[in-house]
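Here are my comments after a first pass through the model. Have it open alongside as you read.

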Amino acid sequence: MIQIETQKKLLILVITYGLLSCTTESIRFELQSSHTKCIAEELKVNSMTVGKYSVINPNEDIPLPDFHKVTVRVTSSNGNTYHHGDKVPSGKFAFMTVEAGDYMACFSAPDHQPPITSTIDFEWKTGVAAKDWSSVAKKGQVDLMELELKKMYDTVISIQEEMFYLREREEEMQVLNKTTNNRMAWLSFLSLIVCLSVAGLQVWHLKTFFEKKKLI
């Protein structure tokens with residue numbers, strides 16, 4: 001009985017951590033003509049990410065006008081492009097990251113006079129949340145319990161990878177802090193030398209001036 005209660009607690013803990021580790025960003029925002037709006041998401045290496053976007057048609061009776069369509073570009077922190085859509089009403093992207101850092105999804109509206117405002121729906125999923133579990137269930141012919149166990153397993157793996165990633169980032173930050181402190185110490189030392197040198201030059205200049213004026 002105690003073992004069953006312990007297993008239940010472990011399952012609740014894993015599910016809670018899984019919900020925290022899965023990132024699903026779904027937003028609706030407005031974009032004015034000739035403006036660009038970017039959304040950033042920090043991703044680690046070998047992380048699955050899926051996104052979809054669509055421009056809300058202000059008049060559903062007619063097709064979406066060209067001046068409401070947007071240009072979308074998804075890039076990494078190193079400037080590599082992973083998705084590009086030129087003047088499209090909607091689109092999707094999905095890729096596995098090969099570099100860690102901030103990924104940017106930028107939406108640009110064409111120039112139009114008078115200026116207009118477009119409304120865009122954007123959903124961005126990363127990690128376990130980005131996996132298509134319905135297709136996994138269909139392909140594997142698994143029952144509901146087995147599917148839930150597979151989700152939990154992938155969630156645990158994702159948590160473990162996230163912990164390793166955070167540990168690496170922490171080590172990088174420690175090295176950066178140590179380097180910055182060393183540089184600040186050298187800068188303070190050099191500043192002290194410069195101040196003392198300037199003070200010495202001022203004393204020498206005043207002494208020379210007073211000697212010429214025969215004041216001392």
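**Notes on the predicted model**

1. Arg 169 and Glu 172 sit three residues apart in helix 3, which puts about one helical turn between them. Their side chains meet in a salt bridge, at 3.9 Å from N to O. With a cut-off of 4 Å for a salt bridge, that N to O distance of 3.9 Å still counts. Glu 42 comes into the picture as well: salt bridges with shared partners join Glu 42, Arg 169 and Glu 172 into one network. As for exposure, Arg 169 has a relative accessible area of 31% and is partly exposed. Keep in mind that all of this comes from a predicted model.

2. How many salt bridges does the structure hold? The count is seven. One of them pairs Lys 44 with Glu 162, with 3.2 Å between the closest N and O atoms. Lys 44 belongs to the loop between strand 2 (36-43) and strand 3 (48-55), while Glu 162 is part of helix 3 (residues 144-212), so this pair ties together parts that lie 118 residues apart in sequence. The two partners fall into separate accessibility classes: Lys 44 is buried, at 11% relative accessible area, whereas Glu 162 is partly exposed, at 29%.

3. Another salt bridge to look at is the one between Asp 66 and Lys 69. Here too the closest N and O atoms are 3.2 Å apart. Asp 66 counts as exposed, its relative accessibility being 57%.

4. On to the sheet. Four strands make up an open sheet in the order 2-7-4-5, and the pairing is antiparallel. Which strands are at the edges? Strand 2 and strand 5 (81-88) are, each of them pairing on one side only. On average, neighbouring strands of this sheet are turned by 10° against each other, with direction ignored.

5. Inside that order, strand 4 (residues 70-75) and strand 7 (residues 101-108) are worth opening up. These two pair in the antiparallel sense over five bridges. If you want a register check, look for Arg 73, which stands opposite Cys 106 in strand 7.

6. Cys 106 turns up again in the disulfide. The structure holds one disulfide, and it joins Cys 38 to Cys 106 with an S to S distance of 2.1 Å. Cys 38 is in strand 2 and Cys 106 in strand 7, so the link spans distant parts of the chain, 68 residues apart. Is the disulfide right-handed or left-handed? The torsion about the S-S bond is about 110°, so it is right-handed.

7. The two disulfide cysteines also fall into separate accessibility classes. Cys 38 counts as partly exposed, at 35% relative accessibility, while Cys 106 counts as buried, at 18%. The cut-off for buried is under 20%, and Cys 106 meets it with its 18%. Elsewhere in the chain, Cys 195 counts as exposed, with 52% relative accessibility.

8. Last point: the surface. Trp 186, Phe 189, Leu 190 and Ile 193 form a nonpolar patch there, and together they have about 440 Å² of accessible area. Trp 186 has its place in helix 3. This tryptophan, Trp 186, is exposed, with a relative accessible area of 57%.

Technical notes:
Residues are numbered from 1 along each chain as its sequence is written. This is a predicted model: local features need pLDDT of at least 70, side-chain atom pairs count only at pLDDT 80 or more; totals for chains, interfaces and linings use all residues. Side-chain values use heavy atoms; hydrogens and water are left out. Buried means under 20% relative accessible area, exposed over 50%, partly exposed in between (1.4 Å probe, protein chains only). Two strands pair if DSSP finds at least two bridges between them. Axes are lines fitted to C-alpha atoms, for helices over the stretch in contact, and angles run from 0 to 180 degrees between N-to-C directions. A disulfide is a pair of cysteine sulfur atoms within 2.5 Å. Patches are made of residues with over 30% relative accessible area and no salt bridge: like charges are joined within 9 Å, nonpolar side chains (Val, Leu, Ile, Met, Phe, Trp, Tyr) within 5 Å. Accessible areas come from the Shrake-Rupley method with a 1.4 Å probe; for residues, only the protein chains shown count as cover.
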